[in-house]
Amino acid sequence: MQEHERVSYSLPALDPEASIANARAFSARIRQRRTCRYFSEEPVPREVIEAAIEAAGSAPSGANHQPWHFAVVSSPDKKRAIREAAEAEERAFYESKASEEWLKALAPLGTDADKPFLEAAPWLIVVFAQRKGGIDEDGETRNYYVTESVGIACGLLLAALHEAGCATLTHTPSPMGFLREICDRPEYEKPLMVVVVGHPAENATVPSYALRKKPLEQIASWL
Ligand code: IYR
């Protein structure tokens, strides 16, 4: 049988009071996160983006294959190209492709086909899911639980950016194949979402509907 090296693992000891306090403190901070649709042009240091992506890259993943790639866009030309392609798709979505039911569900959010934030915000992180490639990114090895893995990584990314004081928006133009071309990514990578990163515009608002979060009693059951 093949030998697989193991290394020891432990965490700093926390007494129950400290554990509860830390959990509550994190919960209180992350519950301040909002999806922001109005961004200023105020810069965000590249180091913030690097550290947040490193945090995202620590996510658990199927067979530890880490099937994600983060294409970080800041060039005005690329941002404009993404905005133009996304708005073309979004116009088709809002004008004809979306069902009445879908449009009704979106109405409280006040979204439309205009996506100025794709140019205003300093950073767009285009998240790709690697359908194959394995840990060595050989382009062939099978990957597992790809959507789940990249979803968790995106959650960590949003949390890390929020902790750094950044506003974020998860944008999912549909279809979004154009992102592969603009970001020059291989065919076996599937664009999953654009994470827009920056600071809220001075007059930024969020829909009060977005503040309605399901309470603990509704989202958890104890068996
Ligand atoms: N992709 C579109 C529509 C959209 C869909 C859902 I579901 C949302 O939660 C928000 C928007 C857009 O970006 O406008």
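This dialogue covers how to read the pockets and nonpolar cores of a predicted model.

User: How are pockets found, and what is the volume of the largest pocket?

Analyst: Rolling a probe the size of a water molecule over the atoms shows where empty space is left. A pocket is an open set of points, on a 1 Å grid over the protein atoms alone, where a 1.4 Å probe fits, with protein on both sides within 12 Å along at least five of seven lines. The volume, the space filled by probe spheres set on the points, is about 640 Å³ for the largest pocket.

User: Which residues lie nearest the centre of the largest pocket?

Analyst: Among its 28 lining residues (those with an atom within 4 Å of a point), Thr35, Arg37, Leu106, Leu109 and Thr111 lie nearest the centre. The second largest pocket, at about 180 Å³, is lined by Ile30, Arg31, Arg33, Arg34, Leu211 and Lys213.

User: What defines a nonpolar core, and which element gives the largest share of the largest one?

Analyst: A nonpolar core is a set of buried Ala, Val, Leu, Ile, Met, Phe, Trp, Tyr and Cys residues joined through side-chain atoms within 4.5 Å, where buried means under 20% relative accessible area with a 1.4 Å probe, protein chains only. Of the 24 residues in the largest core, Phe70, Ile125, Leu157, Leu161 and Val195 touch the most other members, and α6 gives the largest share, seven residues.

User: What should I know about the numbering and the confidence limits?

Analyst: Residues are numbered from 1 along each chain as its sequence is written. Local features need pLDDT of at least 70, side-chain atom pairs count only at pLDDT 80 or more, totals for linings use all residues, and side-chain values use heavy atoms, without hydrogens or water.

Technical notes:
Buried < 20%, exposed > 50% of the residue type's maximum accessible area, 1.4 Å probe, protein only. Helix = DSSP H or I, 4+ residues; strand = E, 2+ residues; numbered from the N terminus.
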